[in-house]
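Subject: Handover of a structure and notes on its contents

Dear colleague,

Please find below the structure that I am passing on to you. I would be grateful if you kept it open while reading the notes that come after it.

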Protein chains: 2
Amino acid sequence: MTSANALSASLEDYLEAILLITKTKGAARSKDISKHLSVKGPSVTGALRLLAEKDLVHYAPYDVVTLTAQGRAVAENIVKRHEALHSFLFEVLQLDEQTAESTACQLEHAISESVLERLVRFVQFVKDCPRGGNNWVNGFAHNCDSGASYDVCEPCIKQCMENLSRYQKGGETDTMQIKLSEIQPGERGAIESIEAAGTIRRRLLDMGATPGTVVEVERVAPMGDPIDVKIKGYHLSLRKEEAAGIVLKKIR
Amino acid sequence: MTSANALSASLEDYLEAILLITKTKGAARSKDISKHLSVKGPSVTGALRLLAEKDLVHYAPYDVVTLTAQGRAVAENIVKRHEALHSFLFEVLQLDEQTAESTACQLEHAISESVLERLVRFVQFVKDCPRGGNNWVNGFAHNCDSGASYDVCEPCIKQCMENLSRYQKGGETDTMQIKLSEIQPGERGAIESIEAAGTIRRRLLDMGATPGTVVEVERVAPMGDPIDVKIKGYHLSLRKEEAAGIVLKKIR
DNA sequence: TTATAATATTAGTCGAGCCTAACTTTAAGT
DNA sequence: ACTTAAAGTTAGGCTCGACTAATATTATAA
Ligand SMILES: [Mn+2]
Ligand SMILES: [Mn+2]
Ligand SMILES: [Mn+2]
Ligand SMILES: [Mn+2]
């Protein structure tokens with residue numbers, strides 16, 4: 001063999017579907033997959049056999065389907081590509097949700113690791129750069145609506161100056177350190193230090209979450225536990241006590 | 001029939017190849033296409049028959065291939081999608097030329113008209129917005145190299161302020177009107193008025209080249225004729241006398 | 001527990017898109 | 001004009017990924 005790897009776009013979609021279904025229903029049945037991908041039963045059976053051969057799913061006839069460790073890793077990577085593209089299409093290009101969704105799911109199969117990294121980084125940069133941020137993205141929206149007018153830029157640039165001074169000498173205006181467990185949904189912060197230990201620490205370091213990396217809180221469950229965060233394009237769900245071990249400097 | 005349209009990714013690539021080869025060699029031979037797409041002869045013959053059935057190419061056995069009017073239009077649209085993606089990947093994400101090229105040629109097949117429009121507009125916006133421009137893109141490059149530092153932003157924002165004032169009250173600092181025929185390669189300008197008549201005028205208006213639209217000069221031939229310009233994602237080649245009918249306000 | 005409905009699998013078909021091997025046509029050189 | 005090389009086509013085969021129709025299994029409910 002040369003490199004028996006390289007899944008087809010089709011098989012990637014099956015794997016992606018299985019992961020998504022698994023996340024909400026525990027395990028995937030053939031019917032679920034069939035519905036999710038709009039294909040008929042026999043197509044699913046065929047795909048499952050191929051995926052089982054490649055050790056990406058646990059599959060026995062008439063039984064439910066689950067991902068192997070390897071399969072899960074691959075599937076998560078596909079979802080990551082999907083989400084990175086979705087973020088770009090929806091949040092940056094500001095296409096409507098449906099277009100962003102279906103386009104992302106087609107493009108995802110042609111995005112290499114290096115392109116993915118750049119894309120994630122780019123979307124992050126659009127949001128984080130003091131010249132950019134939501135203001136900048138809104139400027140694009142305004143530009144789309146109103147021909148080629150840049151008249152929203154003046155107030156924006158003033159905002160940029162403020163943002164910038166916070167980034168540069170954060171020591172005076174806003175050194176406020178805060179634990180990740182105390183932050184509100186939608187807020188963001190740059191990692192100051194990681195007090196956490198064990199699995200969480202390792203997981204964060206594996207993601208390249210070094211001090212300075214921006215963390216965004218996506219959702220906090222009713223009792224403040226668990227906390228869903230986004231970091232370098234990854235989604236992560238942390239228990240409150242785990243989140244308390246991560247010290248941030250608040251942004252914006 | 002419902003809509004016998006919708007070319008496969010493969011056929012789109014054949015059409016794209018034929019256009020590109022035609023542009024440099026007048027007409028495409030089977031061999032050229034075969035080489036361009038890295039497929040063997042019989043694959044080309046098969047594809048050509050399908051394209052001929054759809055009235056997209058003129059094809060007779062053992063003869064050279066040319067595009068029909070319809071085929072040319074479709075091919076040009078594919079190239080436009082390719083180039084829009086390439087611009088984004090190469091100029092904005094700043095991926096290396098090869099990655100940008102091959103990725104664009106895969107992604108192009110899943111880009112709808114509306115996504116294309118947004119993407120073209122976005123790349124344009126990144127370059128034109130006074131908060132953005134090359135400085136902003138360079139900021140992204142710096143951010144990629146140096147972890148997550150935004151320390152290049154200060155001088156950039158000052159530059160932004162200057163750009164902005166030119167955009168807003170261009171009457172004082174730089175109302176300089178100039179004919180498109182007098183501008184240098186790499187320079188850009190916003191359309192003030194279109195004095196041109198006839199075909200060129202119509203062609204420009206069809207592209208939606210209204211006053212305010214940004215035009216960039218790509219190349220000027222040795223004798224100043226013809227002039228290659230980029231406008232709203234389209235490439236356009238104008239004779240000097242045609243270009244003289246377009247009045248611009250210089251930018252940056 | 002047994003009938004019935006819901007799910008899943010098998011078997012066989014089809015088109016797209018590639019290939020190799022063998023043959024035909026065209027172009028070039030002598 | 002004749003020979004030969006290059007280019008192009010035909011014939012036939014293969015994989016992928018979908019489908020339908022028929023069959024088998026499992027779940028459900030009387
Ligand atoms: Mn997909
Ligand atoms: Mn997807
Ligand atoms: Mn392509
Ligand atoms: Mn292409």
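The notes below take up the contact between the chains, the metal sites and the salt bridges in turn.

Please bear in mind throughout that this is a predicted model.

The contact between the chains

I begin with chain B and chain A. In this interface, 46 residues of chain B are in contact with 46 residues of chain A. The area buried between the two chains is about 4,200 Å², and carbon and sulfur atoms give 74% of that area. On the side of chain B, the residues that lose the most area to chain A are B:Arg131, B:Trp136 and B:Tyr150, which together account for 20% of what that side buries.

Which elements of chain B give two or more residues to the side that touches chain A? They are helix H4 (69–92), helix H5 (97–107), helix H6 (113–128), helix H7 (133–145) and helix H8 (153–168). Sorted by class, this side of chain B has 28 nonpolar, twelve polar and six charged residues. The count of salt bridges between chain B and chain A is zero, whereas six residue pairs are in polar contact across the interface, with both residues at pLDDT 80 or more.

The metal sites

In chain A, the manganese ion (ligand 1) has as its protein donors A:Asp13 (OD), A:Cys105 (O), A:Cys105 (SG), A:Glu108 (OE) and A:His109 (NE2), at 2.0 to 2.6 Å. Along the chain, these donors follow the spacing D-x91-C-x2-E-H. A:Cys105 also coordinates the manganese ion (ligand 2), which is 3.6 Å from ligand 1. A:Cys105 counts as partly exposed because its relative accessibility is 22%, and A:His109 counts as partly exposed at 21%.

In chain B, the protein donors of the manganese ion (ligand 3) are B:Asp13 (OD), B:Cys105 (O), B:Cys105 (SG), B:Glu108 (OE) and B:His109 (NE2), lying 2.0 to 2.7 Å from the ion. Two of these donors link distant parts of the chain: B:Asp13 is in helix H1 (residues 9–25), while B:Glu108 is in the loop between H5 and H6, 95 residues apart. Are these two residues buried or exposed? Both B:Asp13 and B:Glu108 are buried. The manganese ion (ligand 3) and the manganese ion (ligand 4) are 3.7 Å apart, and both are coordinated by B:Cys105.

B:Glu12 also lies in helix H1 of chain B. With a relative accessibility of 10%, B:Glu12 counts as buried. Leaving out residues up to four places away in sequence, B:Glu12 touches B:Leu7, B:Ile78, B:Arg81 and B:His109.

The salt bridges

Side chains of opposite charge can pair when their charged atoms come close. Over all chains, the structure holds twelve salt bridges. One of them joins A:Lys25 to A:Asp32, with the closest N and O atoms 3.2 Å apart. A:Asp32 is buried, at 11% relative accessibility. A:Lys25 and A:Asp32 are also linked with A:Arg29 in a network of salt bridges.

In chain B, B:Lys25 and B:Asp32 meet in a salt bridge at 3.2 Å, N to O. Here B:Lys25 is partly exposed, at 49% relative accessibility, whereas B:Asp32 is buried, at 10%.

A further salt bridge is formed by A:Arg72 and A:Glu76, whose closest N and O atoms are 3.4 Å apart. These two residues are separated by about one helical turn, because they are four residues apart in helix H4 (residues 69–92) of chain A. A:Arg72 is partly exposed at 34% relative accessibility, and A:Glu76 is partly exposed at 38%.

Yours sincerely,

A colleague

Technical notes:
Residues are numbered from 1 along each chain as its sequence is written. Chains are lettered from A and ligands numbered from 1 in the order in which they are written. This is a predicted model: local features need pLDDT of at least 70, side-chain atom pairs count only at pLDDT 80 or more; totals for chains, interfaces and linings use all residues. Side-chain values use heavy atoms; hydrogens and water are left out. Contact means heavy atoms within 4.5 Å. Buried area is the accessible area (1.4 Å probe) that two parts lose on being put together, summed over both. A salt bridge is a side-chain nitrogen of Lys or Arg within 4 Å of a carboxyl oxygen of Asp or Glu. A polar contact is a pair of N or O atoms within 3.5 Å; within protein, one must be able to donate a hydrogen and the other to accept it, and residues adjacent in sequence count only if both atoms are side-chain atoms. Ala, Val, Leu, Ile, Met, Phe, Trp, Tyr, Cys and Pro count as nonpolar, Asp, Glu, Lys and Arg as charged, and the others, Gly among them, as polar. Donors are N, O and S atoms within 2.8 Å of the metal (3.2 Å for Na, K and Ca); water is not among the atoms, so sites may look incomplete. Buried means under 20% relative accessible area, exposed over 50%, partly exposed in between (1.4 Å probe, protein chains only).
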